[in-house]
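Grab a coffee and work through these exercises with the structure open beside you. Try each task before reading its solution.

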Amino acid sequence: MLWAREEPGANLVFKGARVIDPVEAIDARLDVRIDDGVIAALGDDVETNEHRVVDAAGLVLAPAFVDPHVHLRTPGREDEETIASGTAAAAAGGYCAILAMPNTEPVVDTAATLGSLAESAKRDAAVSVGFLAAITRGQRGEELTDMGELAELGAVAFSDDGVPVSSAGLMRRALQYASTTGRPLALHCEEPSLSRGGHVHDGVVAAELGIGGYPSIGESVMVERDLALAAHEEQALHLLHLSAAESVAALRRAREHGVRASGEVTPHHLVLTDEAVRSLDPNVKMNPPLRAESDRAALIDALRDGTIEAIATDHAPHARHEKDVPFEAAPFGVTGLETAFAVLYTELVEPAVLTLPTVLERMSAGPARIFGLRRPRIAAGERANLVLIDLEGTTRVTENGFKSRSVNSWLLGRALKSRIAMTLAGGAVVFE
Amino acid sequence: MTSIHLVKDELRPPGGSPRRHLISIADLTRDDIERLLGTARTFASSLEREVKKLPTLKGRLVINLFYESSTRTSSSFELAAKRLSADTLTVKSVGSSVDKGESLKDTALTLGAYDPDVIVIRHPQIGSPQLVARETSAHVVNAGDGKHQHPTQALLDLYTLQQELGRLEGLHVAIIGDVVHSRVARSLVQAFALVGVRCTLVGPPALLPRGLAAEQTSDIRVTREADVLYVLRMQSERMQPGANFVPSLREYTARWGITPERLRPGQKVMHPGPMNRGVEIDARVADAGDALIQQQVRSGLVVRMAALYDVLTGGPVGVRALAAAEVA
């Protein structure tokens, strides 16, 4: 279940937009009229009905984005992000819905915590927010949460994101029990005995810089284990923030054998490699770490062929003073909601590595499908969940330009191609 | 005049001329290394005089900021600065505000307020020298950052090799032991590549990082081919319990420890210190005439004098320049 602040539905007309809905196979120059937040007319020269007219000539109008992996830091670290600031950032990035991870302080593992988050979201959320609840109490990897009650209250899925479920036996029980709730498990795959002490990918850069390495197999052996458990139990699972070619190969194999497994990848893993770590910028430190060029290529291939169905930001705000330290002392994680589309457009679409429809699909319909959410679509009668994009525009990434409360972006100082011109979520204009 | 290209763009003060730092051997060219070694030789000859102090850096402030224990490096940097007549101030993390949880950034800002000309920093984490360079207007010399770099150690080792063996180009050095935790090894591999020294890394597989640009083997017998055996300290304090890099120190010593039996006559032995006698190096080897360990310590003083001089003046110090400085 998703929650958002009630906003009056918009009345407006987009004139002459390039409308792209990859799932509906639309890519055409059209007018789109929205009456009270609902797409009412779609075609050439639609009546404006005295609505506000947006000249969208030369702009792209697409289904708004869905981010399946956001850290809203609420409750507990409201200095880093709140529901209000995180959803405002999402709106600015073209998102109409985001899913928040439960690794907060306290962890979202009880009905009370989830209920209070839902209340806050109804009051503060600019775009729809869904909450994942933890797989294990306190994310300690010992006892399952009351998944049935949490699902009834609206938990979208279950995850111990941030830490792996180390015990194979407990993971098996989680897969068995989650099946009764109809909600997927979203897994952070990391074998702690292989990743311990690692700050970066265990490759040439780690060797040269003398920074502790977290090898690709530290992720892929856990991916293989969880896929094997899912196959055995005939249950679905979702793999969070994949980073290694070996993990991608395992996912592809499992899907070919009929395992109901899905995966996501972040913009930073699609764009950067561990070479970026040479800068020692704490804003290129994330978990899983940036890996080799061959890993990046495998992730791009998997995104293209649909093995990986979703792009997720893993938006992870951190207080300025926590990142203003030497690399090894810095926490893992970077922000991403406000730059995801622009950096993917600049680094992958414009250089013709991925097509625009592919990126739009993996940022919207793909993640919605994985989590059983209603897919944003451009069709008459649908509530307007739309993003208007100026591909010729520029997104300048500066510390003062963020809606997020945190500024730990790896793109600070960059001028990216394209700009989000307007976002409609739940029928209302939430950003322009 | 060649300059040390240590200054990354982000470290340049806006608008000003680049400040020179000595942070990583990777930032140096062969010319830089030859200039630094030449400067060190000039200072070495000055130390043969009765009055060893030079007025070269009179009125300059050199701060030594040490977050890790050190005997050799901290004492030689302090003495190097004093021999050049600089004012020195040594701050150790124990007993300072670091004990009270002050961040490196705030410590740097505090010390920066004294307008030091040079900050020499040793810190357990990579990137700390860059952080100090960003937060202060001092020239920064890296005296060891985590497992990353220890550039003055590599320079003093090159200096020692050149003095004792008369050349660098074409020498073959085997670096033996705990390479993966060694900032000295990382600096040396790069320095050797720059000056044409062949380098072989020898040790147990888990202590050899994959991806370093040097030959690697676990077979201790290959050290017989080398001109010099460079023995690394077995850094047991960096080994978490149960990490199992090696089964035991005893086993390590038996298979990779440098004993007289493993030495060929005439082979030289080096060690960056502090030594674990009886672990990576046999006492008989450490005290033998072919060990260059004391020479390394002596080289440390003149090489660090050269490093301080070089970051501050940015030019070669010829005899004439030195004479002029003495007159001044």
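## Hairpins and odd backbones

**Exercise 1.** Look at the hairpin of β2(A) and β3(A): how many residues lie between the strands, and which residue takes a positive phi?

Solution. Start at the turn: two residues sit between the strands, and A:D36 takes a positive phi near 45°. Keep in mind that this is a predicted model. Next, check the pairing: β2(A) and strand β3 (residues 38-43) of chain A run antiparallel, held by five bridges. To get your bearings, find A:V32, whose bridge partner in β3(A) is A:L42.

**Exercise 2.** Now step back to β1(A) and β2(A), and work out how many bridges join them and in which sense they run.

Solution. Strand β1 (residues 12-21) and strand β2 (residues 26-35) of chain A are antiparallel, with eight bridges between them. One pair to look up is A:A17 with its partner A:L30 in β2(A). Then follow the chain round the turn: this hairpin has four residues between its strands, and A:A25 has a positive phi near 60°.

**Exercise 3.** A:E50 and A:Q139 both have a positive phi without being glycine. For each one, find its loop and decide: buried or exposed?

Solution. First, a bit of background: most residues other than glycine have a negative phi. Take A:E50, with phi of about 60°, in the loop between β3 and β4 (52-55) of chain A. A:E50 has 8 C-beta neighbours inside 10 Å, so it counts as exposed. Then take A:Q139, with phi near 50°, in the loop between β8 (128-131) and α3 (147-152) of chain A. A:Q139 is buried because it has 23 such neighbours inside 10 Å, and the cut-off for buried is 20 or more.

**Exercise 4.** Track down the cis peptide bonds that end at A:P75 and A:P106, and say which residue comes before each proline.

Solution. Most peptide bonds are trans, which makes a cis bond worth a look. The bond joining A:T74 and A:P75 is cis, with omega about 5°; A:P75 is in the loop between β6 (65-70) and α1 (83-92) of chain A. The bond from A:E105 to A:P106 is also cis, with omega near 5°, and you'll find A:P106 in the loop between β7 (95-100) and α2 (111-124) of chain A.

## Core and interface

**Exercise 5.** Which residues of the largest nonpolar core touch the most other members?

Solution. The core holds 238 residues, and those with the most contacts to other members are A:L61, A:Y95, A:V127, A:L132, A:F158, B:I175 and B:L308. Helix α9 (residues 293-313) of chain B supplies the largest share, nine residues. Now zoom in on A:L132: beyond its neighbours within four places in sequence, its contacts include A:L99, A:M101, A:V156 and A:F158.

**Exercise 6.** Describe the side of chain B that touches chain A: which element gives the most residues?

Solution. Begin with the count: 19 residues of chain B are in contact with 14 residues of chain A. On the chain B side, α3 (104-112), α4 (128-135) and α6 (183-195) each give two or more residues. α4(B) gives the most, with three. Finally, sort that side by character: five nonpolar residues, nine polar and five charged.

Notes. Residues numbered from 1 in each chain as written. Chains lettered and ligands numbered in written order. Predicted model: local features only at pLDDT ≥ 70, side-chain atom pairs only at ≥ 80, totals over all residues. Core = buried A, V, L, I, M, F, W, Y, C linked by C-beta atoms within 7 Å. Buried ≥ 20, exposed ≤ 12 C-beta atoms within 10 Å, placed from the backbone. Contact = placed C-beta atoms within 7 Å. Nonpolar A, V, L, I, M, F, W, Y, C, P; charged D, E, K, R; others polar. Pairing = 2+ DSSP bridges.
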